[in-house]
Amino acid sequence: VESMSVSARSRIMRAIKPKNTTPELVVRKALHASGLRFRLHVSELPGKPDLVLPKYNSIVEVRGCFWHCHACIGERRPRTNSAYWLSKLERNVARDESNLRSLRRLGYRVKIVWECELHPDRAAATLERLFSWIKGGVVAQ
Ligand SMILES: [Zn+2]
């Protein structure tokens with residue numbers, strides 16, 4: 001059933017896409033609690049990366065599974081106006097890939113943390129892996 005117009009759906013999608021998403025806050029709080037220093041949404045870098053840790057030459061991107069087409073979404077993709085949504089989501093993925101290449105070209109290490117990896121039952125293990133990944137990038141003084 002075609003139940004929702006494109007504009008209604010867009011409004012809802014905008015409403016559930018705040019700048020400081022809960023998954024990002026989970027990561028920020030954990031990094032902060034462990035004493036790691038980071039900058040947020042650095043506008044001078046391609047794609048305004050979520051978290052930049054200069055001391056570790058590292059960037060952490062926290063991605064929503066729906067907006068960035070994580071494999072976990074699979075069958076849950078929107079069926080209403082699917083052509084519209086597919087092209088929108090494909091543009092997101094293309095932009096993500098282009099930003100990732102640019103950041104690596106600038107010499108940064110980049111770690112993607114997916115929303116689904118931060119569900120309560122997986123968050124601890126995910127954050128532990130993230131910390132060891134970050135620490136592995138320490139820049140010699
Ligand atoms: Zn996912």
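**Zinc site**

I began with the zinc ion in this predicted model, and I found that its protein donors are C65 through SG, H70 through ND1, C72 through SG and C116 through SG, lying 2.0 to 2.4 Å from the ion. I then looked up the angles among the 4 donor atoms, which run from 99 to 120°, and I noted the site as tetrahedral. For comparison I wrote down that the ideal angle for four tetrahedral donors is 109.5 degrees.

Next I read off how the donor residues of the zinc ion are spaced along the sequence, and the pattern is C-x4-H-x1-C-x43-C.

Are H70 and C72 buried or partly exposed? I entered H70 as buried, because its relative accessibility is 17% and the cut-off for buried is under 20%. C72 has a relative accessibility of 33%, so I entered C72 as partly exposed.

**The chain as a whole**

I stepped back to the protein chain and noted 4 helices and 4 strands, which follow one another from the N terminus in the order α-α-β-β-β-α-β-α. Of the 141 residues in the protein chain, 38% are buried. The chain exposes about 8700 Å², and I recorded that carbon and sulfur atoms supply 53% of that area.

I also looked at how the contacts are distributed along the sequence: among contacts in the protein chain with a separation of 6 or more, 59% are between residues 24 or more positions apart.

**Strand β3 and its partners**

I turned to strand β3, residues 58–63, and noted that the strand is mostly covered, with 6 of its 6 residues buried. Which residues point which way from β3? I found S58, V60 and V62 pointing one way and I59, E61 and R63 pointing the other way, and all of them are buried.

On one pairing of β3 I entered strand β2, residues 51–53, which is joined to β3 by 3 bridges and runs antiparallel to it. The two strands form a hairpin with 4 residues between them, and in the turn I marked N57, which has a positive phi of about 55°.

For another pairing I entered strand β4, residues 109–114, which is joined to β3 by 6 bridges and runs parallel to it. I followed I59 through both pairings, and I wrote down V52 as its bridge partner in β2 and V110 as its bridge partner in β4.

**L89 in helix α3**

I then picked out L89, which is found in helix α3, residues 82–105. I entered L89 as buried because its relative accessibility is 1%.

What does L89 touch beyond its neighbours within four places in sequence? I found F66, W67 and C69 in contact with L89. For W67 I also looked up the separation from L89, which is 22 residues in sequence and 6.3 Å in space from C-alpha to C-alpha.

**Salt bridges**

How many salt bridges are there? I counted 3 salt bridges, and I took them one at a time.

I looked at E24 and R28 to begin with, whose side chains meet in a salt bridge at 3.5 Å from N to O. E24 and R28 are 4 residues apart in helix α2, residues 22–33, so I noted a separation of about one helical turn. Both E24 and R28 are buried.

I went on to R39 and E44, which form a salt bridge with their closest N and O atoms 3.4 Å apart. I entered R39 as partly exposed, because its relative accessibility is 42%, whereas E44 has a relative accessible area of 58% and is therefore exposed.

I finished with R63 and D96, whose side chains meet in a salt bridge at 3.9 Å from N to O. R63 lies in strand β3 and D96 in helix α3, so I noted that this pair ties together parts that are 33 residues apart in sequence. I entered R63 as buried, with a relative accessible area of 10%, and I entered D96 as buried too, with a relative accessible area of 11%. R63 had already appeared in my entry on β3, where it points to one side of the strand along with I59 and E61.

Methods. Residues are numbered from 1 along each chain as its sequence is written. This is a predicted model: local features need pLDDT of at least 70, side-chain atom pairs count only at pLDDT 80 or more; totals for chains, interfaces and linings use all residues. Side-chain values use heavy atoms; hydrogens and water are left out. Donors are N, O and S atoms within 2.8 Å of the metal (3.2 Å for Na, K and Ca); water is not among the atoms, so sites may look incomplete. Four donors count as tetrahedral if all angles lie between 85 and 135 degrees; four count as square planar and six as octahedral if opposite donors are over 155 degrees apart and all others between 65 and 115; anything else is irregular. Buried means under 20% relative accessible area, exposed over 50%, partly exposed in between (1.4 Å probe, protein chains only). Contact means heavy atoms within 4.5 Å. Accessible areas come from the Shrake-Rupley method with a 1.4 Å probe; for residues, only the protein chains shown count as cover. A salt bridge is a side-chain nitrogen of Lys or Arg within 4 Å of a carboxyl oxygen of Asp or Glu. Two strands pair if DSSP finds at least two bridges between them.
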